[in-house]
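Thanks for coming. I will take a few minutes to go through one structure, and then we can look at the details together.

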Amino acid sequence: MRLNKSEFNGRSQQLLAYIRQNRLTGVVLFDSTNILYFTGFAFIPTERPIAFVLSAEGKKAMLVPRLEVEHAQAEADLDRVAHYLEYPGDPHPMAIFQDLLMDMGLIKENVNPQFLHAPTRPEEIVIRPHQEAPKQFPIASSSQIGADMDGYPWIFGYEGVSLSQLTGMTVHNVQSHLHKMQAIKSPAEIELIKESCKWGHLAHVLLQRYTAVHATETAVSLRASQEATLAMMDTIGPLYRAQSMWLSGPFAGYRGQIGRNAAIPHALANNITFQPGDVLVTGAGCPMWGYNSELERTMFVGEPSTEQQIFFNHMKVAQEVAFAAMKPGERCSAVDTAVRSYYEKHDLMPYWKHHTGHAIGLRYHEGPFLDTGDHTVLQEGMVFTVEPGLYVPEMGGFRHSDTVVITNDGVDFLTYYPRDWQNLVIPI
């Protein structure tokens with residue numbers, strides 16, 4: 001069920017070809033999802049910097065804090081794991097990292113190391129995000145080093161120098177290239193997303209089953225998610241790993257999109273009690289070895305009114321317009337344009353709030369996007385959520401989301417929950 005070693009090696013070889021084509025000394029990755037994509041090593045990002053390094057010679061290494069050494073060695077296929085004792089530490093972790101980059105040939109000249117130590121007095125320099133490097137640290141080389149960002153992100157109180165300051169080199173941003181790599185899913189990745197859809201489906205079945213008048217979204221969501229997780233563990237438990245910092249099994253819930261709040265696309269859960277006549281917008285999924293899927297449905301507490309049925313049917317047709325437009329060779333923007341044209345034709349634009357969908361995989365939201373501003377060409381193997389919505393004040397929101405994969409002639413559905421309103425009514 002997990003990706004095999006050859007898949008990770010193939011990704012590294014693609015990145016190595018990019019390194020050599022662009023004459024980089026190597027690539028440094030700080031983003032946790034990017035590191036997971038190339039190594040299979042999942043971790044919780046904290047103030048302790050972690051980085052993956054791939055040199056132009058094809059050598060792979062990682063910088064980790066001491067507490068992650070055995071974890072990295074067990075999970076990732078690397079030539080070297082370097083570590084520092086603790087953050088902020090003395091020496092600072094970036095001093096250890098500089099040594100690693102020099103040993104691997106990514107830095108061609110020594111850079112003044114004085115700025116690598118954590119500031120201890122108010123008058124000392126503290127580098128802030130987006131500040132230029134102090135003039136006493138000049139660029140030492142015209143060589144370029146690749147990276148997904150210019151240094152470890154400033155999370156959980158971390159402070160440190162940028163990669164460009166650390167190396168004295170120009171940083172060539174590789175994130176756009178990584179997005180393109182990650183957008184095309186391999187057959188093994190698609191299988192993991194299918195498995196994610198299966199268990200998200202079960203969680204949603206239970207969510208619908210337990211939703212009732214006077215029940216609360218908190219209790220119903222918790223019960224559905226917990227029972228689905230226990231069922232999955234009984235079925236595939238020894239094979240399962242979430243590889244997610246947020247979730248450890250199937251989940252389903254409402255996120256506060258209940259009644260009038262359903263008209264807020266990104267509402268927050270508020271322990272709302274279900275009432276007759278409520279419009280409900282759901283969400284379900286399951287992290288599967290890091291890969292995600294998305295299933296959303298519009299449901300009703302009691303049979304929907306005529307007006308609710310009208311908006312529901314428009315939403316459903318708009319989603320079908322998107323499916324029909326999604327073919328290899330078409331552009332993402334054309335899909336969103338088709339949906340907006342349907343809305344305009346039926347005077348629905350006042351109820352429009354967001355684009356038609358987005359790619360999904362290791363990240364819950366990935367590029368490319370089904371949006372008029374994204375002209376990426378659809379290709380086989382891309383996986384998207386398709387979720388055009390309508391949001392009507394004083395009534396609620398109407399949104400289905402299905403996860404689909406681009407095939408040679410259109411899309412295959414990975415989610416398969418009923419889409420018609422007759423199967424989405426909560427009896428009173």
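**Pockets, cavities and salt bridges**

Helix H8 gives the most to the lining of the second largest pocket, with four residues. Before I go on, please keep in mind that this is a predicted model.

That second largest pocket has a volume of about 500 Å³. In total 27 residues line it, and those closest to its centre are Arg255, Gly283, Glu296, Tyr364 and Arg399. Besides H8, the elements that give two or more residues to this lining are E7, strand E9 (283-285) and strand E11 (357-359). By class, the lining of the second largest pocket divides into 13 polar, eight nonpolar and six charged residues.

Now the largest pocket, which holds about 590 Å³ of space. Its lining has 21 residues, and Ser244, Met245, Trp246, Asn292 and Leu362 lie nearest the centre. Two elements give two or more residues to that lining: helix H2 (32-39) and helix H3 (69-75). H2 has the largest share, three residues. Here the classes are 11 nonpolar, seven polar and three charged.

Two of those central residues come up again on the surface. Met245 and Trp246, with Ile44 and Leu247, form a nonpolar surface patch, and together the four have about 470 Å² of accessible area. Where is tryptophan 246 found? It is in the loop between helix H8 (217-236) and strand E7 (251-253). Tryptophan 246 counts as exposed because its relative accessible area is 73%, and the cut-off for exposed is over 50%.

Next, the enclosed spaces. How many cavities of 30 Å³ or more does a search of the whole structure find? It finds two. The largest cavity contains about 110 Å³ of space. Helix H1 (5-21) and H2 each supply at least two residues of its lining. Among the lining residues are Arg2, Phe8, Leu36, Tyr37, Trp289, Tyr291 and Leu362. The lining of this cavity has eight nonpolar, two polar and two charged residues.

The second largest cavity has a volume of about 40 Å³. Tyr37, Tyr291 and Leu362 are among its lining residues too, and so are Thr33, Lys185 and Glu366. Its lining has three nonpolar, three polar and three charged residues.

Last topic: salt bridges. There are 23 in the whole structure, and I will show three.

The first joins the side chains of lysine 198 and glutamate 195, at 3.2 Å from N to O. Both residues lie in helix H7 (residues 187-210), three residues apart, which is about one turn of the helix. Are these two buried or exposed? Lysine 198 is partly exposed, at 38% relative accessibility, whereas glutamate 195 is buried, at 13%.

The second pairs arginine 297 with aspartate 402, with the closest N and O atoms 2.9 Å apart. This pair links distant parts of the chain, 105 residues apart: arginine 297 is in the loop between E9 and strand E10 (298-301), and aspartate 402 is in strand E16 (residues 402-406). Arginine 297 is buried, at 0% relative accessibility, and aspartate 402 is buried at 1%. Both also belong to a network of salt bridges that links them with Lys316, Glu320 and Arg419.

The third is between aspartate 371 and arginine 340, at 3.9 Å from N to O. Aspartate 371 sits in the loop between strand E12 (366-370) and strand E13 (383-386) and arginine 340 in helix H10 (residues 332-345), so the pair ties together parts that are 31 residues apart in sequence. Arginine 340 is buried, with a relative accessible area of 18%.

Methods:
Residues are numbered from 1 along each chain as its sequence is written. This is a predicted model: local features need pLDDT of at least 70, side-chain atom pairs count only at pLDDT 80 or more; totals for chains, interfaces and linings use all residues. Side-chain values use heavy atoms; hydrogens and water are left out. Patches are made of residues with over 30% relative accessible area and no salt bridge: like charges are joined within 9 Å, nonpolar side chains (Val, Leu, Ile, Met, Phe, Trp, Tyr) within 5 Å. Accessible areas come from the Shrake-Rupley method with a 1.4 Å probe; for residues, only the protein chains shown count as cover. Buried means under 20% relative accessible area, exposed over 50%, partly exposed in between (1.4 Å probe, protein chains only). On a 1 Å grid over the protein atoms alone, a cavity is a set of points where a 1.4 Å probe fits but cannot get out, and a pocket is an open set with protein on both sides within 12 Å along at least five of seven lines; lining residues have an atom within 4 Å of a point. Grid points are joined across faces, edges and corners, and a volume is the space filled by probe spheres set on the points. Ala, Val, Leu, Ile, Met, Phe, Trp, Tyr, Cys and Pro count as nonpolar, Asp, Glu, Lys and Arg as charged, and the others, Gly among them, as polar.
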